[in-house]
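I opened the notebook to look at pockets, the ligand and enclosed space. My entries follow in the order I looked things up.

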Amino acid sequence: MMGILNVTPDSFSDGGRFIDPDAAVSHAREMIAAGAGIIDVGGESTRPGAPPVSSEEELARVLPVVEALGGEPDVPVSIDTRHAVIARACVDAGASTINDVSGFRDPAMIGVAAACDAGLVVMHMLGEPQTMQDEPHYDDVVAEVRGYLLARARELEEAGIARERIALDPGIGFGKTTQHNLALLRDLDAFVETGYPIVVGASRKRFIGDVTGESEPDKRLAGSVAAAIWSASRGIHVLRVHDVRETVAALAVTDAVRWADR
Ligand code: HH2
C-alpha cells in the first residue's frame, strides 16, 4: 500500500491540507500506522489543467518532508516528481523510490535513475497535465498503454538499470476518458502478465465520480475502495491510495474470505 502525501496547495482532493511540513509528517505517520508500506511524497499537482510549479518551489515543498521522514525508522519514501533535480535531491535525502508520472521521458531523469539504486515507478501519461484531458484518443487503450510502458522500461534497462528496479503504472486518469480508465482496470491482467510489478492509482479519481455521480473527490471513498479491491484481485502489486486505513480493512476482509479454512 502506497499512501499519498501531497505537499501542495492545489491537489485535486487534498490540496492545502499537508502543505505545512509538520502536518505532512504527522499524516505520513498516521498512514504508516494504518498499514502503508511506502509514502509517496508529491510537491506538484498533476491534476488535469494544473499549472506547472517551479523546481525551487517544488523542492521547498517536498525536501523538508522527505528529510524528516528519512529520520524515521522503517518509513520508505517515494518521491512523486517529473523533474530530475527534485528526484536527485530527494534520493540523496533518503527517498528509496522515484515515481515519475511522465514515465522517465526526460533523459535527465534517466540519468538520475541510472546513477542511484532507487526503485522506479514508470507511469503512462498522454501528453502533459495541462492538455492531457483534451479529447484523449486511442485505437486500443490497453495495447497502447502497455506497449508504451514496455518501451519505456526497455529504454531504462538499456541505460543500465536493472529490471528488478522497475515497476509499471497504467496512469489512471492521465489523458484518459472514463471508458479508457475502466478498460485499463478491466484488463489489468495484460499489465500483470508483463512480469513487472504493477502500481495502480485510482483513488478518488474523476472516473469514480462519473460512475457514482459523486462530484466531490473526498466523498469517493466507497468507489475508491471498490477499485482497490478489484485491482488487488487482478494481482497488481502496489495500490496508491489516499485512504489507507479503509483500504487496508477492505483488503483484510477479502483476504480473510479467500484464505478461510475449509
Ligand atoms: N496519480 C496522481 C499522482 N501521482 N503516481 C502514480 N504512480 N500513479 C498515479 O495514478 C498517480 C501518481 C494523481 O493523484 P493525486 O496525487 O492525488 O493528485 P494531484 O496530482 O492533484 O496531486
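Which side chain has an N or O atom 2.7 Å from an oxygen atom of the ligand? I looked it up: the side chain belongs to serine 45. I keep in mind that this is a predicted model.

**Entry: ligand contacts**

I went on to serine 11. An N or O atom of the serine 11 side chain sits 2.5 Å from an oxygen atom of the ligand. Phenylalanine 12 uses its backbone instead: a backbone N or O atom there is 3.0 Å from a ligand oxygen. I then checked how much of the ligand is covered. On its own, the ligand has 480 Å² of accessible area, and the protein covers 98% of that.

**Entry: ligand shell**

I listed the residues around the ligand and got 17. The closest are Ser11, Ser45, Thr46, Asp169 and Lys205. Sorted by class, the shell has seven polar, five nonpolar and five charged residues.

**Entry: the largest pocket**

Where does the ligand sit? I found that the space it takes is the largest pocket. I noted a volume of about 580 Å³ for the largest pocket. Its lining counts 37 residues. Nearest the pocket centre are Phe12, Arg47, Pro48, Phe174 and Lys205. Three elements give two or more residues to this lining: strand 1 (2–6), helix 6 (178–186) and helix 8 (206–212). Helix 8 gives the largest share, with three residues. By class, I noted 15 polar, 12 nonpolar and 10 charged residues in the lining of the largest pocket.

Two names recur in my notes. Lys205 is listed among the residues closest to the ligand, and Lys205 is also listed among those nearest the pocket centre. Phe12 is on the pocket-centre list, and phenylalanine 12 makes the backbone approach to a ligand oxygen.

**Entry: the second largest pocket**

I moved on to the second largest pocket. About 220 Å³ of space lies there. I counted 14 lining residues. His27, His242, Asp243, Val244 and Glu246 lie nearest the centre of the second largest pocket. Helix 1 (21–34) and helix 10 (244–258) are the elements that give two or more residues to this lining. Which of the elements gives the largest share? The answer is helix 1, with four residues. The class split of the second pocket's lining is seven charged, five nonpolar and two polar.

**Entry: enclosed space**

Last, I looked for cavities. How many cavities of 30 Å³ or more does the structure hold? I found one. The largest cavity has a volume of about 50 Å³. I wrote down its lining in three groups. One group is Val200, Gly201, Ala202 and Ser203. Another is Ser224, Ala227, Ala228 and Ser231. The remaining lining residues are Leu239, Arg240 and Val241. Helix 9 (221–233) and strand 8 (238–241) each give two or more residues to the cavity lining. Helix 9 gives the largest share, four residues. By class, the cavity lining has six nonpolar, four polar and one charged residue.

**Closing note**

I end where I began, at the ligand. It takes the space of the largest pocket. Side chains of serine 11 and serine 45 each bring an N or O atom to a ligand oxygen.

How values were computed: Residues are numbered from 1 along each chain as its sequence is written. This is a predicted model: local features need pLDDT of at least 70, side-chain atom pairs count only at pLDDT 80 or more; totals for chains, interfaces and linings use all residues. Side-chain values use heavy atoms; hydrogens and water are left out. On a 1 Å grid over the protein atoms alone, a cavity is a set of points where a 1.4 Å probe fits but cannot get out, and a pocket is an open set with protein on both sides within 12 Å along at least five of seven lines; lining residues have an atom within 4 Å of a point. Grid points are joined across faces, edges and corners, and a volume is the space filled by probe spheres set on the points. Ala, Val, Leu, Ile, Met, Phe, Trp, Tyr, Cys and Pro count as nonpolar, Asp, Glu, Lys and Arg as charged, and the others, Gly among them, as polar. A residue is near a molecule or strand if one of its heavy atoms lies within 4 Å of it. A polar contact is a pair of N or O atoms within 3.5 Å; within protein, one must be able to donate a hydrogen and the other to accept it, and residues adjacent in sequence count only if both atoms are side-chain atoms. Accessible areas come from the Shrake-Rupley method with a 1.4 Å probe; for residues, only the protein chains shown count as cover. A molecule sits in a cavity or pocket if more than half of its atoms lie within 2 Å of its grid points.
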